[in-house]
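Me: I would like to learn how to read the features of a model such as this one, step by step. Could you give me the general idea each time and then the case at hand?

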Amino acid sequence: MNLNSKAYLIYITGLVQGVGFRPFIYRIALNNNILGWVENNNEGVTIHAEGIENQIENFILSIQSQKPVAASIASLSVKETISKNYSNFSIRKSSSFSQLVTEVSPDIAVCNDCLDDLITQSHRISYPFINCTNCGPRFSIIHALPYDRHQTTMQPFKMCAVCNGEYENILDRRFHAQPIACNHCGPVYHIENQNIENDQIPVYIAKAIDAGKIIAMKGTGGYNFICDAYNELAVSTLRERKRREMKPFAVMCADLRTIEISFDLNNSETKSLTSWRRPIVLLKNKKFLAPSVSPNLNTTGIILPYMPIHYQIFDHLATKAIIFTSGNLTDEPVCISDSIASDELSKIADILVSYNRDIFNRSDDSVVFIATEKERIIRRSRGYVPSPIDLSFDTEGIFAAGAELTNTFTLGKGTQVIFSQHIGDLQNAETLAFYEESYNRFSKLFRFDCQLVASDMHPDYLSSNFARRLKLPIIEIQHHHAHIASCMAEHNVNEKVIGIAFDGTGYGDDGTIWGGEFFICDYIGYERKFYFDPVPLPGGDKVTKYPWRTAVSYLYKYLGSDILDTDLPFLALIDKTEIEFVKQMIAEDLNCPKSSGAGRLFDAVAALSGLCTTSNYHAEAPMRLESIIEINCKGKYIYHIEGKRIIFYKMFYQILKDIKRDATVALISAKFHNTIVSLILDLSKQLRKETSINKVVLSGGTFQNKYLLEMTEILLRMEGFTVYSHEKVPSNDGGIALGQLAIAGAKRKLQNLK
Ligand code: ZN
Ligand code: ZN
Ligand code: FE
């Protein structure tokens with residue numbers, strides 16, 4: 001035994017499981033002559049390392065500096081221990097199942113080493129399904145645990161001898177890379193109705209894109225539509241064929257340099273764009289692509305290549321930016337079926353590109369934006385799912401059904417929360433089927449034994465309906481309480497807070513529609529302290545399509561019906577008989593549910609200012625209102641409080657005055673946004689005075705408004721508040737299932753204590 005030999009236990013936490021971390025540790029242990037073992041456990045990864053002091057030091061430095069791309073280390077601690085005089089270094093097998101669960105990794109963007117191998121490895125020259133332990137498909141191809149090749153859609157492909165050699169060799173980067181494949185043994189692309197050599201496929205696609213054609217191409221989690229983002233005719237043709245008039249398209253750019261030319265880009269945005277999760281990142285436009293890429297908005301969703309074939313296509317493309325949007329029919333989930341693609345997507349696309357491996361788990365591209373330098377998730381799907389969220393308490397056996405629009409659901413596994421991928425709007429029959437299928441698949445994959453169900457209080461939500469059909473004990477949860485709890489759970493806050501939930505709509509416990517809410521709440525209960533003054537919504541849900549109806553309703557309420565007979569510019573944009581009809585509905589209270597939704601107030605201001613009187617897609621009016629803000633304007637309007645109601649009478653009066661004196665919409669928008677920020681500030685201070693609570697939690701879809709979120713956070717912090725907002729899950733209804741789960745878990749715990 002070497003006298004200088006020492007032994008240490010090294011504890012590592014973070015995202016270190018299911019990302020090739022143990023083989024990596026094995027390799028660097030060998031490089032540094034370290035003996036001992038590495039194992040996964042509930043806390044993360046533990047290493048017993050024996051060796052000479054400076055070699056152990058080098059070993060630890062290498063862990064930090066050379067870790068796999070998809071791994072992230074939250075903590076690394078070292079403790080001296082007794083030497084066991086090991087004669088080798090070994091990987092210990094995972095013992096408990098709860099450890100296996102966390103080993104389902106999200107899909108990972110192709111890594112740089114693999115991109116290099118495309119040029120240098122003889123059996124993988126230009127092989128478009130190249131992958132390794134650090135990259136490649138994971139969640140999209142797995143149907144059962146443990147994660148082994150025969151439990152994935154790689155099952156039909158028999159490894160060739162060369163691949164098998166790499167797969168078995170622990171020193172190889174492809175050791176136990178389940179989707180390992182090469183030109184001799186793996187999946188291949190093909191173009192429908194064309195007979196093209198494999199290596200010519202990217203060339204063929206590139207030529208077609210440059211010629212203005214529309215391509216439907218099978219991706220990691222589903223099909224995408226692709227065309228030249230600089231070619232207005234191609235982009236508008238895609239809109240026409242897809243029947244998607246205005247909703248912005250995402251764009252894939254060749255590289256960061258291309259992005260910098262056309263968009264504002266800061267360090268946080270670059271970090272998200274280049275991360276292995278490869279989300280679509282909303283960036284501020286500098287120079288425009290084709291006009292119909294993101295009409296009327298000052299941002300565009302940008303993504304970098306993440307599959308080998310994306311890089312290969314750009315190698316041959318003249319254009320540096322392509323439309324990259326979900327390959328689906330309007331409102332339906334993204335297409336993963338080759339036969340449906342062949343029947344349906346081929347009506348939209350000129351060319352259909354597919355490959356002969358199945359996608360098992362569907363997922364869309366994820367969407368994020370950066371606010372106060374942090375990544376905020378709008379759609380959590382490919383690259384993020386099924387990474388669990390850690391909770392500070394147990395939710396084992398609880399299923400939370402989520403909401404109705406932008407639905408996701410969650411399952412509790414111990415103190416970890418498994419999130420489904422973005423499912424979508426359940427009112428679409430195909431999407432509802434996808435929801436039920438995903439629940440069954442997640443239950444099987446994660447061996448989930450459901451004992452308790454949490455659902456939205458809304459009696460008509462299809463997710464609540466599904467929850468009831470499970471015939472298990474059920475806890476119904478108020479929508480905005482779940483929003484706040486979701487943000488609390490994400491930050492492990494477990495005490496009474498000031499909860500501010502702003503969104504379009506959610507069922508209130510008095511049967512009216514809520515959505516501009518100030519709560520004092522914890523997981524167990526909530527007290528509604530202040531709320532936006534409810535207005536009638538003429539035609540109910542219809543108002544989301546016709547924001548002018550809500551504008552008319554606010555004016556009617558605050559300034560009387562006579563104001564609607566004056567020559568307000570926005571009314572000139574609407575059919576006279578329709579206006580009369582809506583006035584009558586309000587006067588007679590016919591189909592006019594009352595709503596305090598913040599989204600409706602944004603709608604009304606966008607319509608009243610003439611910016612957006614009818615809406616082509618979900619939240620178009622608030623998005624355009626944000627897009628047009630005059631950033632340098634510090635002015636604001638006046639509101640007042642009556643009891644618990646926040647009254648906007650004076651604000652509407654002032655907006656009308658501004659319109660009369662021809663103030664720009666940019667100015668009106670800024671003053672409106674500043675009003676909302678200032679009322680958040682005022683009421684938070686008032687609630688702090690009353691309750692001594694200093695923690696403010698922000699949630700709900702309205703906080704996807706970057707200006708609102710940043711200004712609110714900054715000003716609340718300046719006033720000494722501790723502020724929490726969403727970073728790991730969406731603030732929209734796509735994050736609500738986390739809050740439902742946390743509330744159900746906390747209530748169950750309380751019950752058990754009684
Ligand atoms: Zn790789
Ligand atoms: Zn092979
Ligand atoms: Fe909501």
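Me: How many bridges join S14 to S15, and do the two strands run parallel or antiparallel?

Reply: Strands are DSSP runs of E with at least two residues, helices are runs of H or I with at least four residues, and both are numbered from the N terminus; two strands pair if DSSP finds at least two bridges between them. In this predicted model, five bridges join S14 to S15, and the strands run antiparallel. The bridge partner of Val 368 in S15 is Ile 377. The hairpin of S14 and S15 has two residues between the strands, and Thr 372 takes a positive phi near 40° there.

Me: What conventions should I keep in mind while reading?

Reply: Residues are numbered from 1 along each chain as its sequence is written, and chains are lettered from A and ligands numbered from 1 in the order in which they are written. Because the model is predicted, local features need pLDDT of at least 70 and side-chain atom pairs count only at pLDDT 80 or more, whereas totals for chains, interfaces and linings use all residues; side-chain values use heavy atoms, with hydrogens and water left out.

Me: Which strand is joined to S14 in parallel, and are the residues of S14 mostly covered or uncovered?

Reply: Strand S10 (residues 280-284) runs parallel to S14 and is joined to it by two bridges, with Val 367 of S14 as the bridge partner of Ile 280. As for cover, buried means under 20% relative accessible area, exposed over 50%, and partly exposed in between, computed with a 1.4 Å probe on protein chains only. Five of the five residues of S14 are buried: Val 367, Phe 369 and Ala 371 point one way, while Val 368 and Ile 370 point the other way.

Me: Is Glu 373 buried or exposed?

Reply: Glu 373, in the loop between strand S14 (367-371) and strand S15 (374-379), is exposed, with a relative accessible area of 65%.

Me: In what order do the six strands of the open sheet lie?

Reply: The order is S16-S19-S18-S17-S20-S21, and the pairing is mixed. Strand S16 (389-390) and strand S21 (474-477) stand at the edges with a single partner strand each, so one side of each has no neighbour in the sheet. Strand S20 (residues 452-456) runs parallel to S21 and is joined to it by four bridges; Val 453 has Ile 474 as its bridge partner in S21.

Me: How should I read a helix, and how many residues of H14 are buried?

Reply: An α-helix has 3.6 residues a turn, so residues three or four places apart point the same way. The expected span is 1.5 Å times one less than the number of residues; H14, with 12 residues, reaches 17 Å from its first C-alpha to its last, close to the 16 Å expected. In H14, 12 of the 12 residues are buried, so the helix is largely enclosed by the rest of the structure. Just after H14, Asn 492 takes a positive phi of about 50°.

Me: Which residues coordinate the iron ion (ligand 3)?

Reply: Donors are N, O and S atoms within 2.8 Å of the metal (3.2 Å for Na, K and Ca), and water is not among the atoms, so sites may look incomplete. His 479 (NE2), His 483 (NE2), Asp 503 (OD) and Asp 733 (OD) coordinate the iron ion (ligand 3) at 2.1 to 2.3 Å. His 479 lies in helix H14 (residues 479-490) and Asp 733 in the loop between strand S30 (722-724) and helix H22 (736-753), so the pair ties together parts that are 254 residues apart in sequence. Both His 479 and Asp 733 are buried.

Me: Is the site of the iron ion (ligand 3) tetrahedral or irregular, and what of the zinc ions?

Reply: Four donors count as tetrahedral if all angles lie between 85 and 135 degrees; four count as square planar and six as octahedral if opposite donors are over 155 degrees apart and all others between 65 and 115, and anything else is irregular. The site of the iron ion (ligand 3), with angles of 87 to 170° among its four donor atoms, is irregular. The zinc ion (ligand 2), coordinated by Cys 160 (SG), Cys 163 (SG), Cys 182 (SG) and Cys 185 (SG) at 2.2 to 2.3 Å, has angles of 104 to 116°, which makes its arrangement tetrahedral. The zinc ion (ligand 1) has Cys 111 (SG), Cys 114 (SG), Cys 132 (SG) and Cys 135 (SG) as protein donors, lying 2.3 Å from it, and its site is tetrahedral, with angles of 104 to 117°.
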